[in-house]
Amino acid sequence: MAFLHISHAGIYAFSNRVMVGESENLSLMDPQTAIEVVKANRDYIVGIKVRLGKNTSGKNGISPLNFAKDVATQTNLPLMVHIDEAPPSYSEVLDQMRSSDILTHCFRPSPNPPIGPDKNILTSVIRARQRGVLFDIGHGMGSFSFDVAKSMLNENFYLDTISSDIHAMCLEGPAHDLVTTLSKFLNLGMPFYDVIKSCTLNASLALNKPEIGNLKLGSIADVSILEIEKGQF
């Protein structure tokens with residue numbers, strides 16, 4: 001299963017370990033081919049993804065989102081949006097997202113976090129959750145802030161899904177792996193039940209794959225046995 005990137009450039013391009021912003025070049029946006037690929041691979045493609053922000057869409061701001069949203073609408077798939085530094089702002093992105101769309105890197109640090117200078121959650125974040133937008137951590141290399149997470153969790157704003165976003169630049173830290181990422185939220189005070197649900201049932205529902213991520217009769221068996229260990233790690 002995969003999210004299809006709207007750009008010909010694919011997910012990431014690395015040059016001397018520096019990420020290149022594929023959404024900076026609008027000529028790489030190819031909605032029609034993306035639609036054709038989705039139709040030919042319905043069993044594997046579960047959504048459409050686009051990366052937005054200063055480092056990925058540059059001066060184009062919100063424009064790449066319009067291409068991706070059009071593909072998601074025509075294929076009846078959810079949209080996953082990567083967000084980094086503005087432009088566009090956190091609120092600008094959320095205001096364009098629909099129910100069941102997914103915002104990843106949602107607890108990103110400043111600049112462009114989900115909280116204001118007063119540490120309160122942005123109004124656009126609350127509105128988005130109310131209309132069904134899903135929030136995914138997407139830890140990665142620099143997309144997670146403990147301070148932001150504390151502010152959000154203090155207001156009982158829990159993640160819909162917790163993901164590691166493992167890639168070459170965060171495998172040795174700070175993300176390491178999914179279990180390490182889950183452990184961070186357990187130590188931040190997120191209830192154990194919600195932590196596990198975020199990477200099992202919630203994740204399966206976000207992918208529209210109810211046959212996985214649970215232990216119901218008839219579900220596909222894919223079980224991990226974990227143990228909580230206390231100590232200095």
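User: Helices here are DSSP runs of H or I with at least four residues, and strands are runs of E with at least two, both numbered from the N terminus. How many helices and strands are there in the protein chain?
Analyst: The chain has eight helices and seven strands. Keep in mind that this is a predicted model.

User: Thanks! And how compact is the chain for its length?
Analyst: The radius of gyration is 17 Å, close to the 17 Å that the globule rule gives for 233 residues, so the chain is as compact as a globular protein of that length. Along its principal axes, the C-alpha trace spans about 50 × 50 × 40 Å.

User: What share of the residues is buried?
Analyst: Of the 233 residues, 43% count as buried. On the contact side, take the pairs at least 6 apart in sequence: 70% of those contacts join residues at least 24 apart.

User: Let's move to the sheet. What is the strand order?
Analyst: Five strands form an open sheet in the order β1-β4-β5-β6-β7, and the pairing is parallel. At the edges are β1 (2–5) and β7 (134–136), each of which pairs on one side only.

User: How much are neighbouring strands turned against each other?
Analyst: On average by 30 degrees, with direction ignored.

User: Can we zoom in on one pair? How many bridges link β4 and β5?
Analyst: Strand β4, residues 45–52, pairs with β5 in the parallel sense over five bridges. To find a spot on screen, look for Leu52, which stands opposite Ile83 in β5.

User: Changing topic: at what angle do α1 and α2 cross?
Analyst: Roughly 35 degrees, and the axes of α1 (residues 31–40) and α2 (residues 63–75) come within 10 Å.

User: Is that crossing left-handed or right-handed?
Analyst: The crossing of α1 and α2 is right-handed.

User: Which residues meet there?
Analyst: From α1 there are Pro31, Ala34, Ile35 and Val38, and they meet Phe67, Asp70, Val71, Gln74 and Thr75 of α2. By class, that contact has six nonpolar, two polar and one charged residues.

User: Now the backbone oddities. Which residues does a cis peptide bond join?
Analyst: One cis bond joins Ala86 and Pro87, with omega about 5 degrees. Another joins Ser110 and Pro111, with omega about 0 degrees. For context, most peptide bonds are trans.

User: Where do those prolines sit?
Analyst: Pro87 is in the loop between β5 (79–83) and α3 (90–94). Pro111 is in the loop between β6 (102–104) and α4 (123–130).

User: What about phi in that β6 to α4 loop, say at His105 and Asn112?
Analyst: Both of these loop residues are worth a look. His105 has a positive phi of about 65 degrees although it is not a glycine, and Asn112, also not a glycine, has a positive phi of about 75 degrees. In general, most residues other than glycine have a negative phi.

User: Are those two buried or exposed?
Analyst: His105 counts as buried, because its relative accessibility is 1% and the cut-off for buried is under 20%. Asn112 has a relative accessible area of 12%, so Asn112 is buried too.

User: Great, so what should I colour in that loop?
Analyst: For the points we discussed, colour Pro111, His105 and Asn112, which lie in the loop between β6 and α4.

Note on methods: Residues are numbered from 1 along each chain as its sequence is written. This is a predicted model: local features need pLDDT of at least 70, side-chain atom pairs count only at pLDDT 80 or more; totals for chains, interfaces and linings use all residues. Side-chain values use heavy atoms; hydrogens and water are left out. Axes are lines fitted to C-alpha atoms, for helices over the stretch in contact, and angles run from 0 to 180 degrees between N-to-C directions. A crossing is left-handed if the near helix is turned anticlockwise from the far one by less than a right angle, and right-handed if clockwise. Contact means heavy atoms within 4.5 Å. Ala, Val, Leu, Ile, Met, Phe, Trp, Tyr, Cys and Pro count as nonpolar, Asp, Glu, Lys and Arg as charged, and the others, Gly among them, as polar. Buried means under 20% relative accessible area, exposed over 50%, partly exposed in between (1.4 Å probe, protein chains only). Two strands pair if DSSP finds at least two bridges between them. The radius of gyration is taken over C-alpha atoms; the globule rule is 2.2 Å times the number of residues to the power 0.38.
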